[in-house]
Amino acid sequence: MSTVVEHRRRWRPALDRPALVALVLGLAGLGYRLALALLTVPASNSDEATFGLAAMHIAAGREHPVFLYGQRYMGMLESYLAAPLFAVTGPSWVVLRLPLLPLWALFAWAMYRLTRRICTPWFATLVVGLLALGPERVVRDHLTTVGGRAEAKPAVVLVLLIAVGLADGRVAARRLAVGAAGLLAGLALWSDWLIVPYLAVAGLVLAWALRRELVGRSGALLLAGAALGAAPLIQANLAAPPGQDSLSVLRAINTSTGPAPALADRLRGGLLQGVPLSSGLCPVTGCDRGPQWFGLLYPLLLAAAAALALVAYRRAASRAERVGPVAQLALVGGAALTLAVYVRSPLAATEPLGNARYLSVLQISLPMVVWPLWVAAVAAWRGTASVLRRLAGASAAAALAGLTAAVLVTTGNFVAMIGPLRGEELLARELADTVRRAGLRAVYAEYWTCNRLVFNTAEAVVCGVLDTQLTPGQNRYQPYWREVARVARPGYVFAADGPADRRLRGLLGDRADRALLAEVGGYRVYHPETAVRPWR
């Protein structure tokens, strides 16, 4: 990545050209994300607000959650990272998202280092350039505090980097590195179970690199590091009641209550919508036929990358030379396993747009998806290349250019939508200010309104979640529900003319207009003379 030059009797690293260009691209990507974070774009929601509320409780010493409120499997590391900042500055969306920026920078740097080690320098620069771009679906996973993905991805890449360094002898403090790899793996597992396929293949590379060292202190340090990183997860599951451990909860979530969709429908949702969306080729509204071709090519590109890695492994003369192909195969395997797990779920067919976020970890395998195209394009420039090879190389170069152009276009379209997205966020804050100015301290609302409202008021207003029929909904933090239940005259905040609003007005009858306090941002705020609690 760099060379060492002497300058006035002092030694300092000097970046070579690929590293310098990658640095510029990475800084541009970081600046882009910083600007979005300052604008609270993408817009916040109640899921993210729940992490923010947990950070508030941690900062105040009120709670020390292991899992997201109301769940038994999503780790809260992002809330713990934000809590010290909240203690200093107070809660805000900008401060909540700030810890994600260095995590993305770490991910981009680690991806560059890994790709450079197992592929080529200029190809690593291309990968950083692609990672720097980002339409809404991609940057939402980078910038919104919704748990797991922001920290799990760099953790896995760093584990792979350590494994590569151990195999080629570049790591001097081997035992310390092994312990660090275990710690990173444990933290990633606690943060997000979606990373398990990549942890599995990274573990195989680590075992291949260490071999006999695993039977000894290195193995013990690896296990100790993993146990330390996953300690909150382990402790919580040991204390969980029967059926409430993480595996049982996840198994119940992924069990379909009705007939499972056909495999063809799940593959169609996973490949034609999920893969292009998670790769940044489509808007959040869905993918048209153009980007869908990338989804069809995705498994073929993975297969081609695997073939290239196997050929390189057989040609390698030493173990140090073989570690690159081994790491490449691991990246291919991680993507294949992730896709296989995803298309098993009925949600891949029934809700492909909303659940494409579960494929965001495929970014880790981005180098292997475009590597066959790069190899073919570079080979075509050689003077000895045949006409057929030149034609294939030109096609590969066109595909690479088209892929880059598509991500650029979707990123540009997203940037053009920043105004409306920012406007929606400002309306949510205006709604919170309206509720607070009205003197309401306890309200009922639907899920996507409730915790966002609580966070926007820094808990000056607490909220209980109701569904569209005004019966108890998904209340992640039960103390809010109990507090609202004790209030004699709670308020109600519903989307104007939505199902919940119509139900409330029907129950209030001719008192509905008298109970209406305000209409703001497409919502209605009510304060009836008597509480409306039909579930009682």
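Which residue is the bridge partner of Ala 518 in β7? Read on through the strands to find out.

## Before we start

What you see is a predicted model, where local features need pLDDT of at least 70, side-chain atom pairs count only at pLDDT 80 or more, and totals for chains, interfaces and linings use all residues. Residues are numbered from 1 along each chain as its sequence is written, and side-chain values use heavy atoms, with hydrogens and water left out.

## The strands

Let's answer the opening question: the partner of Ala 518 is Val 525 in β7. Ala 518 belongs to strand β6 (residues 516-520), which pairs with β7 in the antiparallel sense over four bridges. (Strands are DSSP runs of E with at least two residues, helices are runs of H or I with at least four, and both are numbered from the N terminus; two strands pair if DSSP finds at least two bridges between them.) β6 and β7 make a hairpin with two residues between them, and Gly 521 in the turn has a positive phi of about 60°. On to β5: this strand also pairs with β7 in the antiparallel sense, over four bridges, and there Phe 494 stands opposite Arg 524.

Now look at β3 (residues 442-445). Ala 442 and Tyr 444 point one way, Val 443 and Ala 445 point the other way, and all of them are buried (buried is under 20% relative accessible area, exposed is over 50%, and partly exposed is in between, with a 1.4 Å probe and protein chains only). In a regular strand, side chains alternate between the two faces of the sheet. β3 pairs with β4 (residues 462-465) in the parallel sense over four bridges, with Val 443 opposite Cys 463. To get from β3 to β4 the chain goes through helix α21 (residues 447-456), and this β-α-β crossover is right-handed; in other words, with the strands pointing away from you, the path from the first strand over the helix to the second runs clockwise. β3 also pairs with β5 (residues 491-495) in the parallel sense, over three bridges, and Tyr 444 stands opposite Tyr 492 there.

## Rings that meet

Tyr 444 turns up again among the aromatic pairs, of which the whole structure has 14. Its ring and that of Trp 535 have centres 5.5 Å apart and planes at 75°, so this pair is edge-to-face. (Rings of Phe, Tyr and Trp, the last by its six-membered ring, pair if their centres lie within 6.5 Å; planes under 30 degrees apart are stacked, over 60 edge-to-face, and the rest tilted.) The two residues are 91 residues apart in the chain, with Tyr 444 in β3 and Trp 535 in the segment after β7 (523-526). Tyr 444 is buried, with a relative accessible area of 0%, while Trp 535 is partly exposed at 26%.

Ring pairs also link Tyr 444, Trp 481, Tyr 492, Phe 494 and Trp 535 into a cluster.

## Pockets

How big is the largest pocket in volume? About 1,900 Å³. (On a 1 Å grid over the protein atoms alone, a pocket is an open set of points with protein on both sides within 12 Å along at least five of seven lines, a cavity is a set where a 1.4 Å probe fits but cannot get out, and lining residues have an atom within 4 Å of a point; points are joined across faces, edges and corners, and a volume is the space filled by probe spheres set on them.) Its lining has 50 residues, and Tyr 73, Leu 347, Asn 355, Arg 357 and Tyr 358 lie nearest the centre. Among the elements giving two or more residues to this lining are α16 (319-344) and α21.

The second largest pocket has a volume of about 550 Å³. α18 (366-380) gives the most to its lining, with five residues.

## A closed space

Five cavities of 30 Å³ or more show up in the whole structure, and the largest holds about 220 Å³ of space. Of the 19 residues lining this largest cavity, Ser 278, Ser 279, Gly 280, Gln 363 and Leu 366 are the closest to its centre.
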